[in-house]
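These are my notebook entries on a single structure, kept in the order in which I looked things up. I set down each term with its cut-offs where I first rely on it.

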Amino acid sequence: MGPAGPTGPVMSREEADRALERLTAEHEAVESSLLALQDHAGRRLLEGAQLTGTTAGRWAQAEEAVTRLWNVFEYYSGALTKAQEIRERRRWPSREDLAELTQLLRGSHTLPGSVVGGAAGSGGGGGPRLAEEVTLSTLVEWMNSWYAQALDVVAAADSVWSALPARIDMLAAELRRVRSLAHSVGVRPGEHPSGDDLERTTEELTALRAEVVSDPLAFWTRAGGSSAPGGGRPDTSRYDRAARELEDIRREIDAVLNVRQDSEQRLMRLRDVLSRADRTLAEAREARGEVLAKIAASEVPAVSGPATALQEELTAAAEYRRHSQWHRLSPLLESLEQRAEDELDRARAQLAAVTAPLAVRAELRGRLDAYKAKVAQQGMGEDRMLIERYDVARRMLWSAPCDLRAAEDAVLRYQYAAQDVLTARQGESAGPARAEGVTDS
């Protein structure tokens, strides 16, 4: 393992001192890095873990790199120690001392293949070699390369293990809480979609944690363009997706819980709405009979029967509540609430359609009486023509069955006649007033 090969010009004392100082600083930096790597929490975790996949392969390569690094570091340390001993022989080194230092510090060193793992020291291909010819500066480059290779694996694995397992455990704890709530309201696999979703999310979290622990580098995204060891970030996409799914499930469970808390009030409101709809339909049927009896020549729409299907579903909803089947009650209540309001609106529309002829008759009666009152105020209540037309219209409006078209014509005839009489009356009143004005003047 002694120095060999040509080295070029013999270094001066100053050159030898500078080279020795530089290589000593390199030695201290490498030693510090090796000790830090040795104490790195990520390295200890990697050594104790049952690794699989990408991490298992890369860690095996990193361990080989660390072994070569220590072997080369020991050789480098020995060569540097020998150079320091030569330099310390005398204050002013002889030419023989400088030649020996030049050979040690600049020349090639023959390293057995066992020191660099029987392969090219640079880590490239080329197959096994019995020995390597290399300078101390090249050894420093090799050691830095191997250190970066190992640190990249250690730092990346440590970052993933620091970021994901704890978050997965917290999410799993939240999942257990949601599962407990889900079971309390009957949301179970095979019985409710959210129960199936919970089962899938539980399986995904269990698998995710196992994969993160055994193959952390599968969850590592390298930083684009970064050459620094450990440059990148943990890939949390699967965790984030599971967290979103659990949040959706939690909201669904909360909705079911809310149903359990206010279901009785909602059922009471539903019963009230459907009861009002039934009463409105009953009123519409009764009004239809009255209209058919009192109004002639009028198209009266038929009135539908009560919403028996909604009543049956309401009974089913009450049964779900009685048996604490909240997961079934929740969607049924939402559907029933909307359809019950629609049923009440439909009943009101039918009542309005059925009673429309009665409303028309009431409007005509009111108009007839209003004009009669106006005529009486003007002192024309005894006008024979108006009395006759009023009596004709009144008989039509207060007789059964009432012909609305004929009655409306009679009211219009009275209305026009009353307007003519009132207009004439106002003209007569204005004439004497003008005449009096002329006399006074």
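**Entry 1: the cavity**

I began with enclosed space and found that the structure holds one cavity of 30 Å³ or more. On a 1 Å grid over the protein atoms alone, a cavity is a set of points where a 1.4 Å probe fits but cannot get out, and lining residues have an atom within 4 Å of a point. Grid points are joined across faces, edges and corners, and a volume is the space filled by probe spheres set on the points. On that basis I noted about 40 Å³ of space in the largest cavity.

Before going further I recorded that this is a predicted model, in which local features need pLDDT of at least 70 and side-chain atom pairs count only at pLDDT 80 or more, while totals for chains, interfaces and linings use all residues. Residues are numbered from 1 along each chain as its sequence is written, and side-chain values use heavy atoms, with hydrogens and water left out.

Which residues line the largest cavity? I listed R179, H183, V187, R188, P189, G195, L198 and E199. The elements that give two or more residues to this lining are helix 5 and helix 6 (193–214), and helix 6 supplies the largest share, three residues. Helices (H or I, at least four residues) and strands (E, at least two) are DSSP runs, numbered from the N terminus. By class I counted three nonpolar, two polar and three charged residues in the lining, where Ala, Val, Leu, Ile, Met, Phe, Trp, Tyr, Cys and Pro count as nonpolar, Asp, Glu, Lys and Arg as charged, and the others, Gly among them, as polar.

**Entry 2: helix 5 and what follows**

I next checked the length of helix 5 (residues 136–184): at 1.5 Å a residue its 49 residues should span 72 Å, and its end C-alpha atoms are 72 Å apart, which agrees. The expected span is 1.5 Å times one less than the number of residues. Helix 5 has a kink of about 25 degrees at W161, shortly before the proline P165; the bend at a residue is the angle between axes fitted to the seven residues ending there and the seven starting there.

R176 is found in helix 5 and, at 53% relative accessibility, counts as exposed (buried means under 20% relative accessible area, exposed over 50%, partly exposed in between, with a 1.4 Å probe and protein chains only). The C-alpha atoms of R176 and L198 are 9.5 Å apart, with their positions 22 residues apart in sequence.

In the loop between helix 5 and helix 6 I found V185, which counts as buried at 0% relative accessibility. V185 and Q325 are 140 residues apart along the chain, yet their C-alpha atoms are separated by 6.8 Å. G186, which follows helix 5, has a positive phi, near 80 degrees.

**Entry 3: aromatic pairs**

How many aromatic pairs does the structure hold? I found three, where rings of Phe, Tyr and Trp (its six-membered ring) pair if their centres lie within 6.5 Å, and planes under 30 degrees apart count as stacked, over 60 as edge-to-face and the rest as tilted. The rings of W70 and F73 have centres 6.0 Å apart and planes at 90 degrees, so this pair is edge-to-face. W70 and F73 are three residues apart in helix 3 (residues 53–87), about one helical turn; W70 is partly exposed at 28%, whereas F73 is buried at 6%.

For W142 and W146 the ring centres lie 5.9 Å apart and the planes at 50 degrees, so I entered the pair as tilted. Both lie in helix 5, four residues apart, and both are buried.

**Entry 4: helix 9 and two prolines**

Helix 9 (residues 326–377) bends by about 50 degrees at A356, and the proline P357 follows within four residues. After helix 9 comes G379, with a positive phi near 75 degrees.

I then noted a cis peptide bond joining A400 and P401, with omega about -5 degrees; P401 is in the loop between helix 10 (384–397) and strand 7 (402–403). Last, P216 sits in the loop between helix 6 and strand 4 (220–222) and is buried, with a relative accessible area of 0%.

Conventions. 1 Å grid on protein atoms, 1.4 Å probe; cavity = no way out; pocket = protein on both sides within 12 Å on 5 of 7 lines; lining within 4 Å.
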